[in-house]
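Notebook open, coffee poured. I want to look up how the sheet is laid out and then follow one charged residue into it.

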Amino acid sequence: MTVCTHLDQITVTELPEEVAGCEDCLAAGGVWLHLRICLSCGHVGCCDDSPSKHATAHAQSSGHPIIRSIEPGEDWSWCYPDDVAMRIAEVHGAPRIPPSPMLS
């Protein structure tokens, strides 16, 4: 079974109360479908079903390995280098997020 070997790089354990959306889409006037947060630095990016795939782009450019979904009702995380999904009990919170512009 594959395990994540990057748990020591998690610095974000308390999720923000609210986020405005994908930081990069908001800056560029783009749209997103689902939101993910980097557990190394707190950057909020969009999922791979979004046109710009900012969460993955952030992980690739920064080397930060683990993201967590911040969609309502979702608590899974993903480690890019180890290609494994997991739940991380030490990460808490359920941010309020705006509706996806792609679903409007």
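In what order do the strands of the open sheet come? I'm working from a predicted model, and there I read five strands in the order S2-S1-S3-S4-S5, with antiparallel pairing. Strand S2 (44-46) and strand S5 (84-87) sit at the edges with a single partner strand each, so one side of each has no neighbour in the sheet. I get an average twist of 35° from one strand to the next. Helix H2 (residues 54-62) packs on this sheet, where it touches strand S1 (35-38) and S2. The direction of H2 makes about 120° with that of S2.

Next I went to S3. Three bridges join S3 to strand S4 (residues 76-79), and the two run antiparallel. Arg-68 is in S3, which spans residues 66-69, and its bridge partner in S4 is Ser-77.

Arg-68 was the odd entry, so to speak: it is buried but has no salt bridge. I looked for the nearest side chain of opposite charge and found Asp-75, 5.1 Å away; the cut-off for a salt bridge is 4 Å. Beyond its sequence neighbours up to four places away, Arg-68 touches Leu-15, Leu-35, Leu-39, Glu-74 and Trp-76, among others.

Some of those names came up again in the core. The largest nonpolar core has 20 residues, and Leu-15, Leu-35, Leu-39, Ile-66, Ile-70 and Ile-88 have the most contacts inside it. S1, S2 and S5 are the elements that give two or more residues to this core. I checked Leu-39 last: outside four places in sequence, its contacts include Ile-10, Val-12, Leu-15, Ile-66, Arg-68 and Ile-88.

Note on methods. Residues numbered from 1 in each chain as written. Predicted model: local features only at pLDDT ≥ 70, side-chain atom pairs only at ≥ 80, totals over all residues. Heavy atoms only, no water. Helix = DSSP H or I, 4+ residues; strand = E, 2+ residues; numbered from the N terminus. Buried < 20%, exposed > 50% of the residue type's maximum accessible area, 1.4 Å probe, protein only. Lys, Arg positive; Asp, Glu negative; His and termini not counted. Contact = heavy atoms within 4.5 Å. Pairing = 2+ DSSP bridges. Axes fitted to C-alpha atoms, helices over the stretch in contact; angles between N-to-C directions. Core = buried A, V, L, I, M, F, W, Y, C linked by side-chain atoms within 4.5 Å.
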